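Trainee: Could you walk me slowly through one part of this model, a place where two helices meet? I would like to know what each term means as we go.

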Amino acid sequence: MSKKNLAILLRARMRSSNHSAKSSLSQFTKEIPSNPQDNQSGDHILRNSSNFGTNGRVYDVVRETMHSAISATKTGGSDITLNDFEEGYFSLSLEDRGKLLLALAKEYDVNREQVRELIKQYLGLETPSSDDYAELHSSPKKEASSSVFYRVEWSLRHALKPTYETFFERLNTHPGGLQFLSILRADLLLILTKENMPSLRALDSYLKEKLGMWLSPATLELHQITWDDPASLLEKIVAYEAVHPISNLLDLKRRLGIGRRCFGYFHPSIPGEPLIFIEVALMETVAQTIQEVLWDNPPIPENQATCALFYSISSTQPGLAGINLGKFLIKRVITLVKKEMPHVSTFATLSPIPGYMQWLLSKLSSQSRFAEEEREGGTKSNPTSSTFSEKVLLPEEEQALMSLSDDSSSGSNGMEVLLNLLSAKNCDWATSPRILPVLEPILMRLCARYLLQEKKRGKALDSVANFHLQNGAMVERINWMADRSEKGIHQSGGIMVNYVYRLENIEDFAQSYFGSGQIHASPGIHSRL
């Protein structure tokens, strides 16, 4: 095995092990320095933190350093102060980072007393005329009044900016600062799962907005990742692949070889680190199973391909959650592939449905409870409970499920039988020639319902569906037993979905989805409902 292959394998295994520990989102992100040759690792920072003394003393020193860094931003400040703050921040425990971020959110927020005073002044002033010509010929008194109005308005606009705004902007231009801000937001998101405070939410919203601005498509570089890239980059692809894990070096080489493409978005401030990457298979037709893409016969000659299939897209930075870099990545990849290979006319995905089984099991469980209450006469004492009752199964589906009822899948009705089957940890139903034909039409129909009709705030409940629909795709086809892996069975009962990007409709579909939540789908999907 070459040194390059060995490096990829060993590093990927180490990174995968560290990732599974999940001691901290930021720990995972920080493990990869901005520069692969840079030895400023987390361990180095932690060793240096011994200079601070006890844990309490560490926090006090870092907080004081943060105050100095924020104060310095007003006068230009030095990069040394920012370096000290970053190093000190990494020396803190996650608990102390939470305390520090809460202090940042509360003590360096908007000066609301100043805002209130300016609002009072603003409301007491006469609004200037909208007629510019009349303004030129107004009296000196009116001209002075207008000048005061605009001056107060300017002051109010600036007073509404939090104190930490300039601090973040300085960090963004500081070497390594953009990645540090991503790590800081990853910690913030983790802390919010435990302490959901309004001030922390406001800080997160502000930082998310800023990161989205700094990572606009104009600042990102698209790079095709190939086997010839440095081992340090390839091992990150292995480690960060979130949809279909890369099993070995042969698998990696195949995904980067003939008939395959891998593209990543990079930022100049974070060299060698993909922010997000997408894997593409060039095929004759739209694949119906992931086995066709990953394991079947060698890829066809590229000049025979008519379909570019997006089968995996992975974000590498937890701190960039909610920033839709994938939307721009997909559109740029479509443009690039279309230019390189005009004979490719179909752009589609083979996507997981990560929330389907969770939704279905929850639905079956709640409806089974309602059915049990009705049998016991619960609706008489609590008549409102029947309001939420619904018939999840069709009569013929109910009958087919009851015919399966035995010791391993007992139940007083079809919903209970289905719930018991799908809840079994061993998932024996997925390999049973007796059970599979009965479950296929049921799970496929309910999957179509889940994708097209189940909403959250007017948008698709499934996260992957929402991602592709807001990018302008349509739901084309759902595929039975398309992913037979343990993960695929547990997430979606093995079902996968094809979303199709039709170039002439992308913008219209995206606009109608954003505006009214309309989900465009093929007649085949609608017929399953």
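Mentor: Happily! An axis here is a line fitted to C-alpha atoms, for a helix over the stretch in contact, and angles run from 0 to 180 degrees between N-to-C directions. Helices (H or I, at least four residues) and strands (E, at least two) are DSSP runs numbered from the N terminus. The model is predicted, with local features needing pLDDT of at least 70 and side-chain atom pairs pLDDT 80 or more, while totals for chains, interfaces and linings use all residues. Residues are numbered from 1 along each chain as its sequence is written, and side-chain values use heavy atoms, without hydrogens or water.

Let's start with helix 5 (residues 79-90) and helix 10 (residues 164-173), whose axes come within 11 Å and cross at roughly 95°. That crossing makes helix 5 roughly perpendicular to helix 10 (under 35 degrees is roughly parallel, over 145 roughly antiparallel, 65 to 115 roughly perpendicular, the rest oblique). Helix 5 brings Asp79, Leu82, Phe85 and Glu86 to the contact, and helix 10 brings Phe167, Arg170 and Leu171 (contact means heavy atoms within 4.5 Å). Sorted by type, these residues are four nonpolar, no polar and three charged (Ala, Val, Leu, Ile, Met, Phe, Trp, Tyr, Cys and Pro are nonpolar, Asp, Glu, Lys and Arg charged, the others, Gly among them, polar).

Now look at the rings. The model has 16 aromatic pairs (Phe, Tyr or Trp rings, the six-membered one for Trp, with centres within 6.5 Å; planes under 30 degrees apart are stacked, over 60 edge-to-face, the rest tilted). Phe90 and Phe180 form an edge-to-face pair, 5.7 Å centre to centre with 90° between the planes. This pair joins distant parts of the chain, since Phe90 belongs to helix 5 and Phe180 to helix 11 (residues 177-192), 90 residues apart. Both Phe90 and Phe180 are buried (buried is under 20% relative accessible area, exposed over 50%, partly exposed in between, with a 1.4 Å probe and protein chains only).

Helix 10 has a ring pair too. The centres of Tyr164 and Tyr206 are 5.6 Å apart and their planes lie at 70°, so this pair is edge-to-face. Tyr164 in helix 10 and Tyr206 in helix 12 (residues 198-214) are 42 residues apart, and their pair links distant parts of the chain. Tyr164 is buried, as is Tyr206. Ring pairs link Phe85, Tyr89, Phe90, Tyr164, Phe167, Phe168, Phe180 and Tyr206 into a cluster. You have met Phe85 and Phe167 already, among the residues where helix 5 touches helix 10.

Follow Tyr164 one step further and you reach a loop. Leaving aside neighbours within four places in sequence, Asp109 is in contact with Leu104, Pro162, Thr163 and Tyr164. Asp109 sits in the loop between helix 6 (94-107) and helix 7 (112-123). Is Asp109 buried or exposed? With a relative accessible area of 12%, Asp109 is buried. Asp109 and Thr163 are 54 residues apart in sequence, yet their C-alpha atoms are 5.5 Å apart in space.

To retrace the path: helix 5 crosses helix 10 at roughly 95°, ring pairs link residues including Phe90 and Tyr164 into a cluster, and Tyr164 is in contact with Asp109.
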